[in-house]
Amino acid sequence: LLAVLVVSSFLTIGAAADYSSNWWEWSQGATELTEPYYQRVDGASAMAKGGCRITAQCKLMAEAGIIDDSQFNPDDYCLWLDDNGYIHGRVEAENRYAVGETSTTGSGMIAYAATKNVTISRVATVRTSSFSSNAERVDAVYNYIQSGYYVILGCDAHHTYIARQMSLDAQKPIISDSGSDKSAAVTRDYHGSESAGDNVDFEFIYVYSVSGTPVEPTPTKPDAPDASVIKVDY
């Protein structure tokens, strides 16, 4: 009974991590609930404090309106993924979660969205090596964004989210990036293989469509109404 109470207490604490109520500020550095399975090296000293792919997927769902960023955060999603068999789960001896996905990348996100009557579809998984230049990679990502899709960049070392509306406003791909050493996300330009300031060579472009919630178009300035003149003869 005592062991059960200890685990339950930890889960409650983890779900109340210090996340912002704005999804674009979410960072894996805001929690100690999870750590990427590939970064464990030396006990607690290697704690990465979050799953980058979980954080990226939550940002996608928040921007798409599937989750409310003032009420839900990546820790909640991590616990849901574990309960439903989409991540490797809790490592009891080390009091942490290993967040490697047990199936195709994004399957848990697709399943979670379905519980909210929203359909997320994986439109494409594109290797960045299929492009001949960084400029082509940038153009491809921005074209997906302009076409109404949602994009996550990934490799073994890191996953990160391309912020859709920020990219449309800037007219180029903008990363809302997180890291174990950041309490809040950092906004970066995407340069085609690496993000500005990061030594991460992304291998995959994951492209998703969302139906069930609207993709808000970039607002346009309305035309001025036709003027009407009334002549009064005094």
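Helices here are DSSP runs of at least four residues, numbered from the N terminus. With that in hand, the tour of this predicted model can start from its overall make-up. The secondary structure of the protein chain amounts to 6 helices and 9 strands. Of the 234 residues in the chain, 47% are buried. Among the contacts with a separation of 6 or more, 60% involve residues 24 or more positions apart. The chain exposes an accessible surface of about 12,000 Å², and carbon and sulfur atoms contribute 49% of that area.

A convenient first stop is Asn 73, which sits in the loop that links helix H2 (52-63) to helix H3 (74-83). Its relative accessible area is 10%, and because the cut-off for burial is under 20%, Asn 73 counts as buried. The side chain of Asn 73 also comes to 2.9 Å from the backbone nitrogen of Asp 75.

The sheet comes next. Six strands build an open sheet in the order E4-E9-E5-E6-E7-E8, and the pairing is antiparallel. Strand E4 (119-127) and strand E8 (186-189) occupy the edges; each has a single partner strand, so one side of each lacks a neighbour in the sheet. From one strand to the next, the twist averages 30°. In general, the strands of a sheet pair through backbone hydrogen bonds, in either a parallel or an antiparallel sense.

Within this sheet, strand E5 (residues 150-154) deserves a closer look. On one side, E5 is joined to strand E9 (residues 204-211) by 5 bridges, and the two run antiparallel. Leu 153 has Ile 205 as its bridge partner in E9, while Gly 154 stands opposite Phe 204 of that strand. E5 also pairs with strand E6 (residues 159-162), again in the antiparallel sense, over 4 bridges. Here Gly 154 faces His 159 of E6. E5 and E6 together form a hairpin, with 4 residues between the two strands. Gly 154 thus has a partner in E9, namely Phe 204, and another in E6, namely His 159.

How well covered is E5? Of its 5 residues, 5 are buried, so the strand is largely enclosed by the rest of the structure. In a regular strand, side chains alternate between the two faces of the sheet. For E5, Tyr 150, Ile 152 and Gly 154 belong to one side and Val 151 and Leu 153 to the other, and the residues on both sides are all buried.

Helices pack over the sheet as well. Helix H2 lies across E4, E5, E6, strand E7 (174-177) and E9, and runs at about 15° to E6. One residue of this helix is Gln 57, which is buried with a relative accessible area of 2%. Beyond its neighbours within four places in sequence, Gln 57 is in contact with Tyr 77, Glu 101, Thr 105, Gly 106, Met 109 and Ile 152. Ile 152 is one of the buried residues of E5. Cys 52 is a further member of H2, and at 3% relative accessibility Cys 52 also counts as buried. Although Cys 52 and Ala 157 are 105 residues apart in sequence, their C-alpha atoms are 9.2 Å apart in space.

Helix H4 (residues 107-115) lies across E4 and E9, running at about 165° to E4. Its buried residues are Ser 107, Gly 108, Met 109, Tyr 112 and Ala 113. After H4 comes Asn 117, which has a positive phi, near 60°.

Where do H3 and H4 meet? Tyr 77, Trp 80 and Leu 81 of H3 meet Gly 108, Met 109, Ala 111, Tyr 112 and Thr 115 of H4. The axes of these two helices come within 11 Å and cross at roughly 100°. H3 is therefore roughly perpendicular to H4. Two of the residues at this meeting point, Tyr 77 and Met 109, are also among the contacts of Gln 57.

Definitions and conventions
Residues are numbered from 1 along each chain as its sequence is written. This is a predicted model: local features need pLDDT of at least 70, side-chain atom pairs count only at pLDDT 80 or more; totals for chains, interfaces and linings use all residues. Side-chain values use heavy atoms; hydrogens and water are left out. Buried means under 20% relative accessible area, exposed over 50%, partly exposed in between (1.4 Å probe, protein chains only). A polar contact is a pair of N or O atoms within 3.5 Å; within protein, one must be able to donate a hydrogen and the other to accept it, and residues adjacent in sequence count only if both atoms are side-chain atoms. Two strands pair if DSSP finds at least two bridges between them. Axes are lines fitted to C-alpha atoms, for helices over the stretch in contact, and angles run from 0 to 180 degrees between N-to-C directions. Contact means heavy atoms within 4.5 Å. Accessible areas come from the Shrake-Rupley method with a 1.4 Å probe; for residues, only the protein chains shown count as cover. Angles under 35 degrees count as roughly parallel, over 145 as roughly antiparallel, 65 to 115 as roughly perpendicular and the rest as oblique.
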